[in-house]
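Biologist: I'd like a close look at a single part of this model, with enough of its surroundings to place it. Could you choose one helix and take me through it in one go?

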Amino acid sequence: MNEAAAAMPEPTSPRWRAAVSEVRERMRDLHGVEPTPLRPRDIAAYHHRFGIASGWRIPVDFGEPDPRQIDVLIPAGFPRSRPQFGLVERPPFLTWPHIERDGSLCLLANMSEIDPDDPAGVVVRLLGKSCTLVRELLAGAIVERDFQDEFLTYWRYDRNVADGRLTSILGLERPSREISVWQAPKIRLLGETEVQVADWIRNRFGPDALRRPRLERGLLMWLDRPMLPAEYPRTARDVRVLAERCGGDVPRLLTDLVSARQDSIVTAIAAEGRFGPGIVSVTIPTPRDTRRVRGRSTAPLFDGFRSSHIPEALLTRRYLGTTPVLRDEPSRADARWIHGRGHDPRTERLMEATVTVLGCGSVGAPVAVALAQAGVGHLNLVDHDELSWSNVGRHPLGAPSVRRNKAEELAAKLRSDYPHGRFEAFPVSAQAMLATDAECIGESHLVVSTMADWRAESRLNGWHCRRGRPMPVIYGWTEAHAAAGHAVAILREGGCLRCGFGRTGVPGFQVVEWLNDAGTTLEEPACGAHYQPYGPIELGFVTSLIAQFALECLLGKVTLSSQRIYAARHPFIEELGGRWSDSWVREYPAQINGGVIVDREWPCSPCGGCRSQQRQLAHPRLADSGAV
């Protein structure tokens with residue numbers, strides 16, 4: 001068997017065989033000669049992740065004295081898997097962008113051009129794009145631009161340490177400044193201040209993680225542009241050059257860190273690329289002598305001097321000399337990155353917001369989680385009840401929290417999941433909260449009530465009205481089986497909660513009516529143990545409705561008291577023994593198929609709550625004169 005035949009592995013399937021044959025014939029027609037098959041050692045030169053099974057080497061004329069060669073690489077999963085292309089004659093790695101260490105060309109933007117029914121067409125189109133890329137690299141116009149646009153990618157190729165522990169909660173904005181560095185076995189954390197770092201560590205790992213703190217000082221350097229690969233620091237002296245390039249106080253800050261005589265100096269280096277800011281890190285270890293005295297390394301920093309008497313200028317020169325540095329990239333865990341990868345304009349406003357959630361049950365807890373995920377920076381969680389086993393199936397908390405207070409357990413979970421936020425628990429009833437800590441509620445930018453308790457919510461509404469409704473309050477509840485869900489936002493303008501309810505707490509507008517008591521609450525074999533029959537899937541539509549409405553209120557998109565309603569699909573309601581209410585059919589005749597969300601005006605009538613607000617506006621002292 002000759003070498004060319006040996007280069008073609010046994011076909012993996014008839015389809016693969018047919019696709020490869022079609023590609024070979026198309027290339028033969030285009031070039032006028034039979035393409036040269038790749039040898040096994042040529043295929044082995046490419047990274048195993050591609051799963052290359054076959055290929056050909058094609059000469060391409062780029063206007064140079066000699067043609068360059070491009071390898072057409074066919075993976076085992078072809079034609080469903082994307083073909084790859086490699087440049088044989090190429091400069092050293094990281095001289096040109098878009099070329100991997102093994103010579104394969106990075107054409108990620110063209111992944112959508114895979115048509116399994118036209119394998120030859122796919123190869124020809126991508127081969128053309130590969131040739132265009134090489135021509136642009138030879139011309140040089142895109143080299144610096146693309147290295148800088150995607151500078152994090154190329155830094156990753158060249159880093160010499162990546163233990164996965166380095167994390168950053170730094171705000172990626174100018175200026176250059178001193179930072180705090182937490183060094184621990186579980187994590188190395190870069191933060192703005194000692195307080196911020198300690199709070200984050202406590203939230204994420206618990207208070208025990210702070211028993212043996214190891215805080216050091218570090219430096220964040222902002223460059224005027226991203227580094228090119230040739231500028232990546234190799235030694236401590238290179239870091240000093242970067243500090244001088246930054247100018248201002250940065251060289252002095254670096255010198256101050258040398259004077260602190262830490263075991264190492266962590267420098268975070270940030271720059272703004274076309275697609276946003278990025279951050280990398282360089283750690284300068286304490287210089288060590290390669291000579292060994294009695295089996296131990298010597299410290300060349302102080303040769304000829306006692307450590308306390310060495311001149312600072314000489315210490316700096318020795319520290320920032322030829323010592324090799326450790327290049328790494330921190331994982332970003334700052335709020336802007338977690339909530340929108342730095343491109344969500346709402347994040348900063350939401351991080352400054354405080355929301356109080358009254359009721360952390362199967363409705364309130366998912367709403368609180370959604371608000372934390374959206375980026376709300378401060379949540380007060382209020383609930384006096386404990387989690388029971390019957391709650392677990394439709395609650396974000398699981399078995400470890402059973403027989404524990406819902407508010408405290410939910411706050412602990414959110415602190416661990418989102419350690420940059422502030423989550424406080426109040427294991428009391430809403431009535432007790434209003435009686436003893438009403439100011440905490442009053443300082444909120446939004447209150448969300450999911451208590452489904454008319455007495456408690458009526459009292460909250462009275463408190464809200466007597467104070468002139470200074471912040472929005474959202475009331476959320478479900479109808480039976482979660483066949484419909486309601487979110488009512490009560491703002492300064494428009495009706496209060498009581499305007500849309502009867503005296504006994506019956507809503508003035510219902511979506512579903514139930515036949516034969518199908519919509520009544522169920523009861524456990526115990527006195528007073530009533531519950532609503534619904535599961536977590538159908539409940540998810542309702543909690544999302546409430547959370548979205550809450551977000552809109554926080555962002556100032558809701559200016560008048562209003563109602564938002566979710567109605568389930570009609571077959572779901574029918575199956576459970578329900579039908580649309582006359583009110584729903586009258587107001588929304590086009591929505592009788594269900595599966596919709598509608599906005600509705602909230603009634604405004606001269607109810608008792610509104611009258612108390614009018615009295616308060618006329619006599620402001622009345623708001624503070626009586627019990628809530």
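**One helix and its surroundings**

Modeller: Happy to. The protein chain has 21 helices and 26 strands, and please keep in mind throughout that this is a predicted model. Of its 628 residues, 49% count as buried. Among the contacts in the chain with a separation of 6 or more, 65% are between residues 24 or more positions apart.

The part I would pick is helix H13, residues 364-374. Which of its residues are buried? They are Gly364, Ala365, Val367, Ala368, Val369, Leu371 and Ala372. These buried residues pack against both strands and helices. The strands are S15 (354-358), S16 (378-382), S17 (422-426) and S18 (446-449). The helices are H14 (406-417) and H18 (536-554). After H13 comes Gly375, which has a positive phi, near 115°.

Let's stay with H18 for a moment. The axes of H13 and H18 come within 9 Å of each other and cross at roughly 45°. That angle makes H13 oblique to H18, because it is not under 35 degrees, as roughly parallel would require, and does not reach the 65 degrees where roughly perpendicular begins. The crossing of H13 past H18 is right-handed. On the H13 side the contact is made by Pro366, Val367, Ala370, Leu371 and Ala374, and on the H18 side by Thr543, Ile546, Ala547, Ala550 and Leu551. By class, that gives nine nonpolar residues, one polar and no charged ones. Val367 and Leu371 are in this contact, and both are also among the buried residues of H13.

For comparison, here are two other helix pairs. Helix H2 (residues 14-31) packs with helix H4 (residues 119-139) at an angle of about 50°, their axes 8 Å apart. H2 is therefore oblique to H4, and this crossing is right-handed. From H2 the contact takes in Ala19, Glu22, Val23, Arg26 and Leu30, and from H4 it takes in Pro119, Ala120, Gly121, Val123 and Val124. Sorted by class, the contact of H2 with H4 has seven nonpolar residues, one polar and two charged.

The other pair is helix H9 (residues 250-259) and helix H10 (residues 312-319), whose axes come within 10 Å and cross at roughly 95°. That angle makes H9 roughly perpendicular to H10. Here Thr255, Val258 and Ser259 of H9 meet Glu312, Leu315, Thr316 and Tyr319 of H10. The residues of this contact divide into three nonpolar, three polar and one charged.

A few backbone details are worth a check in your viewer. Following H9, in the loop between H9 and strand S9 (264-273), sits Arg261. Its phi is positive, near 55°, in a residue other than glycine, and Arg261 is partly exposed, with a relative accessible area of 33%. His98 lies in the loop between S4 and H4. The phi of His98 is positive too, near 70°, but this residue is buried, at a relative accessible area of 13%. Most residues other than glycine have a negative phi, and most peptide bonds are trans. Two peptide bonds here are cis: the one from Phe78 to Pro79 has omega near 10°, and the one joining Arg174 and Pro175 has omega of about 10°. Pro79 is in the loop between strands S3 (68-75) and S4 (84-87), and Pro175 is in the loop between strands S5 (166-168) and S6 (177-183).

Two individual residues round this off. Arg217, in strand S8 (residues 215-222), counts as partly exposed at 32% relative accessibility. Beyond its neighbours within four places in sequence, Arg217 is in contact with Glu178, Ile179, Val181, Asp256, Leu257, Ala260 and Gln262. Thr347, in helix H12 (residues 347-351), is buried, with a relative accessible area of 3%. Leaving aside neighbours within four places in sequence, Thr347 is in contact with Ala335, Arg336 and His339.

Finally, the cysteines: with a cut-off of 2.5 Å between sulfur atoms, the count comes to zero disulfides. Cys106 counts as partly exposed at 26% relative accessibility, whereas Cys496 is buried at 0%.

Definitions and conventions:
Residues numbered from 1 in each chain as written. Predicted model: local features only at pLDDT ≥ 70, side-chain atom pairs only at ≥ 80, totals over all residues. Heavy atoms only, no water. Axes fitted to C-alpha atoms, helices over the stretch in contact; angles between N-to-C directions. Helix = DSSP H or I, 4+ residues; strand = E, 2+ residues; numbered from the N terminus. Parallel < 35°, antiparallel > 145°, perpendicular 65-115°, else oblique. Left-handed = near helix turned anticlockwise from the far one by under 90°. Contact = heavy atoms within 4.5 Å. Nonpolar A, V, L, I, M, F, W, Y, C, P; charged D, E, K, R; others polar. Buried < 20%, exposed > 50% of the residue type's maximum accessible area, 1.4 Å probe, protein only.
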